[in-house]
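Biologist: Could you teach me how to read a model like this one, feature by feature? I would like the general idea each time, and then the case at hand.

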Amino acid sequence: MQITEHIASLSEEGRLLAAAAEQAGPGASVPTCPGWQIRHLLRHTGMVHRWAAAFLTEGHTAYHPDGGEPDLDGAELLAWFREGHRHLVRSLEEAPADLECWTFLPAPSPLAFWSRRQLNETTVHRVDAESALGGPLTPVSTARAVDSIDELLTGFHARPKSRVRSDKPRTLRVRAVDTAATWTVRISEDPPQTVRTAGEGSAEHADCELSGTAEGLYLALWNRLPLTAVTLRGDRAVARLWTDNSAVTW
């Protein structure tokens, strides 16, 4: 059921992204991605959608490079994005439950991995597209935001690729006030180690705590909202260590 829900949400997020991009126009600046315009956002996200779909439809069991970004613009680029998004959704819907293909984060199955990863990828970039309009953002449910924080903290930043490091051990606590989820992130010279607990979380001292709604924390941890969007207690330098070094490719 969770896979089905992820695919349905991915379908909606892609439609919202395309609608915001069409309204903003290809030359609109994307404040959440400095230096990017809507055309760059569509090229990047559309490329990722096709890259992911290839694992599902072609069954690559090892890393397979993407096909690159297209030299398209305007209405043609928007149509290309929509086509690739529909293809990804369809590929997930039609993939067998026992699909075997390459993944890069722990997951119950490759299908569970790709449905979750592409939902979270598309949601973040839908926020980017809507930020170009300067209006309110489409809400993200608490459950989805918690799951996305999990993926970021216990998935992406548990990998050797994480650049969130510190010569002096530091502890960052992330507490969602609208649910029971609390994450304790131990930062050192090695990749961060994150433990999720319920309620107020571990009694362990934290050098810095970020608290807020799960949605607010999700967007702040992905650097889509400023730290002022959540409540910060303790050493601000620890929070800056996160924001300055946590950018993710894949």
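Modeller: Let's start with the lining of the largest pocket; keep in mind that this is a predicted model. Its residues divide into 14 nonpolar, 10 polar and six charged.

Biologist: How does one find such a space to begin with, and what is the volume of the largest pocket?

Modeller: Rolling a probe the size of a water molecule over the atoms shows where empty space is left. Here the largest pocket has a volume of about 600 Å³.

Biologist: Which residues lie nearest the centre of the largest pocket?

Modeller: The lining has 30 residues, and those nearest the centre are His44, His125, Trp222, Val248 and Thr249.

Biologist: And which helix gives the most to that lining?

Modeller: That is α4, with six residues. At least two lining residues come from each of α2 (38–58), α4 (110–131) and α7 (236–245).

Biologist: Let's turn to strands. Where do side chains point along one?

Modeller: In a regular strand the side chains alternate between the two faces of the sheet. Try that on β1: Arg170, Leu172, Val174 and Ala176 sit on one side, Thr171, Arg173 and Arg175 on the other, and all are buried, leaving both faces covered.

Biologist: How many residues of β1 are buried, and what does that say about its surroundings?

Modeller: Seven of the seven are buried, so β1 is largely enclosed by the rest of the structure. Strand β2 (residues 181–187) is also largely enclosed, because six of its seven residues are buried.

Biologist: In which sense does β1 run relative to β2?

Modeller: The two run antiparallel, with six bridges joining β1 (residues 170–176) to β2. To find the register, look at Leu172, whose bridge partner in β2 is Val185. The connection from β1 to β2 is a hairpin of four residues.

Biologist: What does β2 do with β3?

Modeller: β2 pairs with β3 (residues 193–198) over six bridges, in the antiparallel sense. Thr184 has Val195 of β3 as its bridge partner, and a hairpin of five residues leads from β2 to β3.

Biologist: Which sense applies to β1 and β4, parallel or antiparallel?

Modeller: Parallel: β1 and β4 (residues 208–212) pair over five bridges. In that pairing, Ala176 stands opposite Gly212 of β4.

Biologist: Now cysteines. How many disulfides are there?

Modeller: For a disulfide, look for two cysteine sulfur atoms within 2.5 Å of each other. The count here comes to zero. As for the surroundings of individual cysteines, Cys208 is buried at a relative accessible area of 0%, and Cys33 counts as buried at 11%.

Biologist: My last topic is aromatic rings. How many aromatic pairs does a search of the whole structure find?

Modeller: The search gives 14. Take Trp51 and Tyr63 as one of them: their centres are 6.5 Å apart with 55 degrees between the planes, which makes a tilted pair. Trp51 belongs to helix α2 and Tyr63 to the loop between α2 and α3 (74–94), so the pair ties together parts 12 residues apart in sequence.

Biologist: Is Tyr63 buried or partly exposed?

Modeller: Tyr63 is partly exposed, with a relative accessible area of 40%. Tyr63 also pairs with Trp102: the ring centres are 5.4 Å apart and the planes are at 75 degrees, so this pair is edge-to-face. Trp102 lies in the loop between α3 and α4, so its pairing with Tyr63, in the loop between α2 and α3, ties together parts 39 residues apart in sequence. Trp102 is buried at 15% relative accessible area, and Trp51 is buried at 9% relative accessibility.

Biologist: Which residues form the aromatic cluster with Trp51, Tyr63 and Trp102?

Modeller: Phe55, Phe104, Phe113, Trp114, Phe156 and Trp222 form one aromatic cluster together with those three. You have met Trp222 before, among the residues nearest the centre of the largest pocket.

Terms used: Residues numbered from 1 in each chain as written. Predicted model: local features only at pLDDT ≥ 70, side-chain atom pairs only at ≥ 80, totals over all residues. Heavy atoms only, no water. 1 Å grid on protein atoms, 1.4 Å probe; cavity = no way out; pocket = protein on both sides within 12 Å on 5 of 7 lines; lining within 4 Å. Points joined across faces, edges and corners; volume = space filled by probe spheres on them. Nonpolar A, V, L, I, M, F, W, Y, C, P; charged D, E, K, R; others polar. Buried < 20%, exposed > 50% of the residue type's maximum accessible area, 1.4 Å probe, protein only. Pairing = 2+ DSSP bridges. Phe/Tyr/Trp six-rings, centres within 6.5 Å; stacked < 30°, edge-to-face > 60°.
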